[in-house]
Every structure is written in C-alpha cells, then in structure tokens.
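This briefing sets out strand pairing, helix geometry and nonpolar packing for the structure shown below. Please read it alongside the coordinates.

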Amino acid sequence: MPDATASTTATATATATHCPYCALQCGMNLRPSTESVVEVVERPDFPVNRGALCGKGRTAPALLSSRVRLTEPLVRRPATGQLEPATWEEALQTIVTGLQRTRTAYGPDAVGVFGGGGLTNEKAYTLGKFARVVLGTSQIDYNGRFCMSSAAAAHNKAFGLDRGLPFPLEDIPRTGCVILVGSNLAETMPPALRYLTELRENGGKLIVIDPRRTRTAEHADLHLAPRPGTDLALALGLLHVVVAEGRTDEAFIQERTNGWGEARAAAMAHWPELVERITGVGVPELREAVRMFCDAESGMVLTARGPEQHAKGTDTVSAWINLCLATGRAGRPLSGYGCLTGQGNGQGGREHGQKADQLPGYRKLDDPAARAHVAGVWGVDPDSLPGPGRSAYELLDALGGDVKSLLLMGSNPVVSAPHASHIEKRLRSLDFLAVADVVLSETAALADVVLPVTQWAEETGTTTNLEGRVLLRRKAVQAPPEVRSDLEVLGGLAELMGHEKGFPADPEEVFEELRRASAGGPADYSGITYRRIAEEDGVFWPCPDTAVVPTGGEDEALDVLPDDPTNDADAAPDADADADLDANANANADLARRPATVHPGTPRLFLDRFATADGRARFIPVAHRPAAEEPDAEYPVLLTTGRVVSQYQSGAQTRRIDELNAAAPGPFVELHPQLANRLGVAEGEPLAVVSRRGRAVAPARITVTIRPDTVFMPFHWPGEGRANSLTNPALDPTSRMPEFKACAVRLERAGGTTPGDSMALR
C-alpha cells in the first residue's frame with residue numbers, strides 16, 4: 001500500500017543523488033515506489049561509497065512523510081501563545097516586521113543569523129550574503145563552528161589552506177599506516193570503514209586512538225586509550241620518541257618546512273614517562289606506535305571530533321600535523337594529515353560566507369582585496385560590508401543581550417550547543433526568533449515564526465564532501481504545496497526588505513554567482529559547473545575556470561598536472577611513486593583530452609608545494625596543557641560525548657524515523673565495570689550525571705570498552721537525557737571551538753543520592 005501520509009510526488013524515473021547526512025555524501029539512486037514516495041537504490045558507480053549505505057541513508061526517504069515533517073508555516077499567536085498555521089505572506093511579513101523593529105531600535109548588529117553545516121553551498125552562500133547585504137549585520141555564524149573549526153585553524157596555520165582531506169579517500173587503503181585519532185568511523189560514517197579494512201588487507205597498519213574501545217578500534221592493529229583531554233600530550237610524546245630514535249626526515253624538513261627548531265624543542269619537553277603519566281598510555285605503546293608509523297613507507301594521520309572539540313583543539317591538531325611533517329608524511333603521495341569532516345556540507349559550509357569572519361571562496365572578511373572582489377560581484381560598496389562578528393557559541397550566548405532577534409536555518413542548538421540549558425534560556429529571552437527547518441525541532445518549537453522548507457530529495461544543490469569533492473544533489477520529488485526552499489525564503493525576505501534583485505531562487509543561478517565570488521580565492525570553484533559535476537562524479541576544488549593546458553597529447557599533459565611531483569624537471573624518476581599515482585595519471589589522461597581552458601580540479605593537494613607564501617609547511621610549536629575543567633573531589637569523573645550509528649547530530653531528523661529509533665531509542669551512560677561496582681550501579685539503572693552546568697539522567701550501560709575514569713554519553717536527545725546540558729563552553733582561543741569532549745562530572749542515583757562510597761578515582 002502507498003504511504004497515505006506521503007506529502008510529495010516522485011518523478012517518473014530514478015534520480016542519482018546523495019545522502020542527506022554525513023560528510024561522505026554517499027551516492028544513491030532514488031526511484032518511485034509503490035510503498036512510499038521513493039525508495040533508495042544503491043549507486044555502485046559512485047566512487048566514495050561504491051553502493052554501500054548505512055541505515056540512516058537507507059531510511060532517509062521516511063523523512064519525506066507528512067507525518068514527521070513540517071508542511072505549512074506557523075506563527076505564534078499572542079492570544080494563545082501557541083504556534084498556529086499561517087499563510088506564507090503573513091509568516092514572511094511577520095519576520096520582516098520583527099527584524100526591522102530590532103534594527104530600528106538597536107542597530108543592525110542586534111539582529112543575528114545562525115546557519116548550519118547541512119545547508120547546501122548555494123544556501124550557505126546566500127545566507128551570508130543576506131546577512132551582510134540585506135540585514136547589514138556582522139552577527140552571523142553557524143553550527144559547523146562546533147565541528148571542524150579547530151582542524152580548519154590548524155590546517156591554515158600549517159599549510160595555508162583548509163580542506164578536510166588533501167587526498168581522495170581512495171588513497172587510504174594504499175598507504176602504509178594510518179593513525180586515526182578520535183574517530184569512530186564504524187558508527188559515524190559506516191561506509192568509510194571499508195577503506196580501513198582494505199588498508200589492513202593490503203598489509204597496512206591501523207592505529208586507533210580513542211578513550212573507548214569502539215567498533216572502529218576493534219579493527220586496529222594497535223589501540224591507544226588516552227584519558228580524555230590529553231591527545232595533545234600524546235602527539236607530543238610520539239614526536240619526542242621520533243626525534244629520540246632518529247626517525248625524523250631531515251631532508252624533507254630542510255627542503256619543505258619552516259619552524260622545526262621551536263617545534264622540536266617543545267616536543268622534547270614531553271618525554272615518554274611524563275606522557276604516560278598524563279595520558280595513561282604506556283611507554284611501550286608509544287614506542288610501538290612510532291615503530292608502526294615510521295617503518296611504513298607512507299602514512300597518514302586522520303583526526304575527528306575527539307581531539308578537536310577542546311579548548312586546545314587547534315594546538316592538538318597542530319601537534320599531529322607536526323608529527324606528519326617531522327616524518328616526511330605530508331605533501332607526498334599516499335601521505336598527509338586529514339580531518340574527517342562531520343556534517344553533510346561541513347566542508348562547503350565553511351567556505352562560502354556563513355562564518356563570522358568569512359566571505360565566499362574562503363576569503364577573509366577583514367582583507368580589503370577580498371571585500372572589494374566580493375562586493376563587486378554583489379554590486380555593493382565594499383565599505384558597506386560589516387566586519388567580523390561573534391563566533392557560534394559567543395553569538396548564542398549574546399542572545400537576549402546585545403542580539404535581540406535571530407534568524408536561524410538548519411540548526412538545533414537547544415540540543416547541540418554546549419551548556420545547552422543556558423543556550424535554551426538565551427533563545428527564550430529573544431525579542432524575536434524565526435526558524436526555517438524541515439521538522440519542528442526543539443529550537444523551532446521556541447520560535448515566533450517557523451517556516452517549512454524543502455529537504456534533500458525535494459531540491460537541487462551542491463555540497464562539498466570531506467575530500468573537497470563538489471557534488472550535485474538532484475531533485476527527485478516534488479515538495480508539498482506549502483513548502484518552499486531556503487533560497488525562496490531568503491529571496492522573499494530580501495524583496496520585502498527592499499532588495500528586489502540579487503537573491504534568486506534557482507540554485508544553479510546562485511551557483512553561477514558563487515563561482516564568480518569564489519574566483520581567485522583559496523576555495524576557488526570558478527571552474528566548476530553543474531554539468532561538470534554530473535559528468536565527473538564531482539570536481540575537487542580548487543578549480544579555477546581556466547588552466548594552461550597543453551594540446552600535444554597525454555604524455556605532455558602528464559608533465560604539467562598541478563601538484564604532480566614530476567613537474568620538477570630535475571626530479572629523479574621513482575617507479576614506486578609512479579605506481580602509487582595511478583589515479584593521478586588517470587586524471588592527467590582525462591586532462592589531455594579536455595579543452596585547453598578546463599582545469600581538472602585538484603584531488604591531491606601539496607604534492608608540489610604548500611599553499612603558504614613561500615610554499616613551505618609551517619611547524620607550530622605547542623605544549624600540553626590540562627583540560628579547561630579537570631576532575632576534583634566534587635566532580636571526580638570525566639565525561640566525554642559522541643554519536644551512535646542509528647542517530648545523527650541533534651537527532652531532529654533521525655529521531656522521527658521508526659527504524660532508527662528502534663535501533664537507538666534513547667540516551668545512555670556508558671561506564672566501566674570497575675566504576676559501576678565501586679558505585680553499586682547495575683546495568684540499566686537510571687543514573688544522573690551532574691556537572692557544574694547541569695544534570696542529565698539516562699540508563700547505565702556497563703562495558704569494559706571504556707576507561708574506568710571516564711563515562712560516555714551520546715548527544716542526540718533532548719530532555720532529561722540531554723548530554724549537552726553538561727558540556728563545557730570553554731573556547732579554543734583560535735578556533736572558538738567549545739570543549740565538548742571533556743568535562744568533570746559526578747554520578748548520582750536518579751533520585752539524587754550518590755551511589756557507593758568515594759567517587760574519587762586515583
């Protein structure tokens with residue numbers, strides 16, 4: 001039987017598109033179904049996932065049902081205080097009135113805008129333009145600040161460019177050793193796990209660093225379980241061992257880097273025995289990790305939120321990059337540092353203007369040349385563009401104070417922000433809140449106006465996956481009649497606020513403008529078109545709109561591919577390197593067949609030079625420092641947080657899908673049997689976790705896969721099990737990343753009494 005609650009109409013044929021969830025952006029086909037609007041069919045020709053999908057991707061069409069999604073605008077009625085149905089005209093006018101009232105009374109910076117890492121490139125670009133051109137506010141940031149900002153900052157410091165992975169995923173199985181830091185790929189992006197299993201099948205080694213023995217760690221040759229908040233010390237200790245054992249690549253350091261002396265001195269202050277005391281990782285394990293990494297001919301370090309979501313996250317990532325540089329495992333085939341970006345468009349979302357300090361093309365907002373270029377594309381005076389604003393947490397913390405009204409798209413900070421109970425109070429204190437979303441999230445439920453917007457299968461647009469591959473999501477179904485796209489929303493608001501032009505609803509038209517705005521910037525998309533994306537299974541940026549390409553044939557083209565090490569006429573031939581670069585050779589062969597003005601895109605960065613002014617990578621000297629909040633007598637246990645396989649981010653979408661809820665019905669507190677026995681806690685017993693900021697209650701889950709001094713909670717749920725009621729908003733001084741991954745807590749029975757005797761752990 002067809003789904004009687006389905007609110008969309010499918011196109012007649014199968015549509016090639018991409019999953020709406022994580023940064024893999026797995027390829028899938030959507031075809032009409034007699035059981036529902038569409039069904040997911042594997043797309044084995046797409047190179048990233050090769051047909052594989054996780055449960056979230058496979059069940060994504062369930063969110064198209066009118067049972068779970070918004071289908072009409074809602075406006076809060078003063079008489080009842082409730083959100084009630086409204087026309088689009090009333091809803092948009094109510095938003096305009098609320099925002100203009102605030103601007104008139106308090107100035108443009110009293111209006112805030114908050115975006116999301118799930119917005120397409122076109123939406124993120126338009127949202128940033130709307131904030132700066134229509135509202136004139138500097139107060140815009142997005143939830144991606146909570147995800148990849150520390151890695152991005154470290155990337156820029158060391159390499160002069162931030163792209164999550166400087167190589168395609170297909171390179172991972174062909175390297176010699178991977179150090180995976182703070183990532184549980186088996187649950188967060190399951191189709192990517194095959195790259196690690198293929199690595200080991202090919203004879204490579206896998207080192208997993210995580211305080212929990214996760215499903216991913218089960219695949220490792222070596223699992224290191226440091227105390228949460230000590231990844232920086234661990235990286236420094238490994239570099240110390242590298243130096244002490246004479247395993248540095250002195251030729252690479254001399255020829256391709258700067259700053260080694262200071263970084264080396266900083267690392268040598270972290271001798272193995274000290275690092276063992278700080279991290280809990282034994283000296284023999286440190287030496288074994290160095291042996292595995294350095295004995296391999298090539299190697300990679302991949303980090304995720306584990307080491308990044310700290311008040312020292314930027315320094316921590318810098319330490320891991322230093323390890324790569326010191327061993328010559330960067331800027332070479334099958335080697336390098338990479339960040340496993342999390343959100344669906346976490347990469348593209350941080351490139352095109354919804355960040356507080358950024359303009360399209362990853363340009364800096366305080367750069368006069370960047371302002372002039374983008375202002376020229378937008379047809380405005382560069383001096384009219386506001387300067388940098390507050391970062392995400394600082395913006396949310398200012399709500400109800402300096403920031404009186406907020407327009408929010410594609411985010412649910414009531415669940416996802418640190419110190420979430422405080423942020424919920426700040427949202428409630430606003431003079432006006434408007435939310436555009438697919439579902440009535442916990443944040444949308446607080447709004448004065450809620451706008452129902454199209455979702456992944458109902459719209460066309462581009463995303464950029466964790467490899468830097470720009471992809472095209474295609475519209476496969478018609479949205480319900482009273483649902484509009486985010487682009488239509490922003491265009492409608494702009495028109496009502498006196499900007500009749502410049503905010504088109506057609507995504508390809510927006511992308512064409514984005515190409516011009518990004519041209520010449522670090523994230524240059526100007527050579528990318530919808531047609532090219534469709535024909536090539538995505539295009540890697542940077543990709544300028546022209547390239548000097550020879551016409552003499554394939555062999556000649558092979559000599560000039562950007563970042564190909566054979567560009568150097570004096571370089572000696574290397575048969576092994578040639579064998580490892582089959583993919584680059586194929587790209588070059590494609591390049592030879594292209595018109596002379598088409599740039600091929602850049603699957604692999606830094607092989608010839610880094611993106612710094614002198615082409616050299618920069619060592620950044622860093623030193624360990626404690627977590628912002630260490631355990632003490634009152635709060636003696638460490639809490640760390642993360643995800644589970646069947647839920648996603650704040651759960652606003654996945655919690656509405658029956659199959660996913662059956663697999664992961666609610667929050668839990670994971671703790672070690674030693675701690676459970678000491679406290680007298682039984683499996684499944686309601687357990688309260690209390691920090692200096694709040695209290696959360698969830699059933700105990702007792703397992704030997706976690707450190708005895710640490711508890712773990714997933715962060716997908718609201719209410720009394722909201723993990724982010726506990727987390728620490730202490731910010732990284734560079735990235736402004738909050739410290740989600742380590743805070744001090746105590747455990748209590750749900751009734752309020754502390755189980756067991758002493759909570760202190762020695």
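Strand 18 (residues 432-437) runs parallel to strand 19, and four bridges pair the two. Strands (E, at least two residues) and helices (H or I, at least four residues) are DSSP runs, numbered from the N terminus, and two strands pair if DSSP finds at least two bridges between them. This is a predicted model, in which local features need pLDDT of at least 70, side-chain atom pairs count only at pLDDT 80 or more, and totals for chains, interfaces and linings use all residues. Residues are numbered from 1 along each chain as its sequence is written, and side-chain values use heavy atoms, with hydrogens and water left out.

**Strand 19 and its partners**

- Within the pairing with strand 18, alanine 436 has leucine 451 of strand 19 as its bridge partner.
- Strand 5 (residues 74-76) is joined to strand 19 by two bridges in the antiparallel sense, with leucine 74 opposite valine 450.
- From strand 19 (residues 449-452), Val449 and Leu451 point one way and Val450 and Pro452 the other way, and all are buried (under 20% relative accessible area; exposed is over 50% and partly exposed in between, with a 1.4 Å probe and protein chains only).

**Strand 32 and its partners**

- Five of the seven residues of strand 32 (residues 743-749) are buried, so this strand is largely enclosed by the rest of the structure.
- Strand 25 (residues 637-642) is antiparallel to strand 32 and joined to it by three bridges; leucine 639 stands opposite cysteine 743.
- Strand 27 (residues 686-690) also pairs with strand 32 in the antiparallel sense, over four bridges, and valine 690 has arginine 746 as its bridge partner.

**Helices**

- Helix 3 (residues 121-135) has 15 residues and spans 20 Å from its first C-alpha to its last, close to the expected 21 Å (1.5 Å times one less than the number of residues).
- Because 15 of the 15 residues of helix 3 are buried, that helix is largely enclosed by the rest of the structure.
- Glycine 136, just after helix 3, takes a positive phi of about 70 degrees.
- Of the 14 residues of helix 7, 13 are buried, so helix 7 is likewise largely enclosed by the rest of the structure.

**Nonpolar cores**

- The largest nonpolar core has 82 residues, and those with the most contacts inside it are Phe159, Ile179, Ile207, Trp320, Tyr337 and Ile528; a core is a set of buried Ala, Val, Leu, Ile, Met, Phe, Trp, Tyr and Cys residues joined through side-chain atoms within 4.5 Å.
- Helix 7 supplies the largest share of this core, nine residues.
- A second, separate core of 46 residues includes Leu165, Leu180, Met189 and Tyr195.
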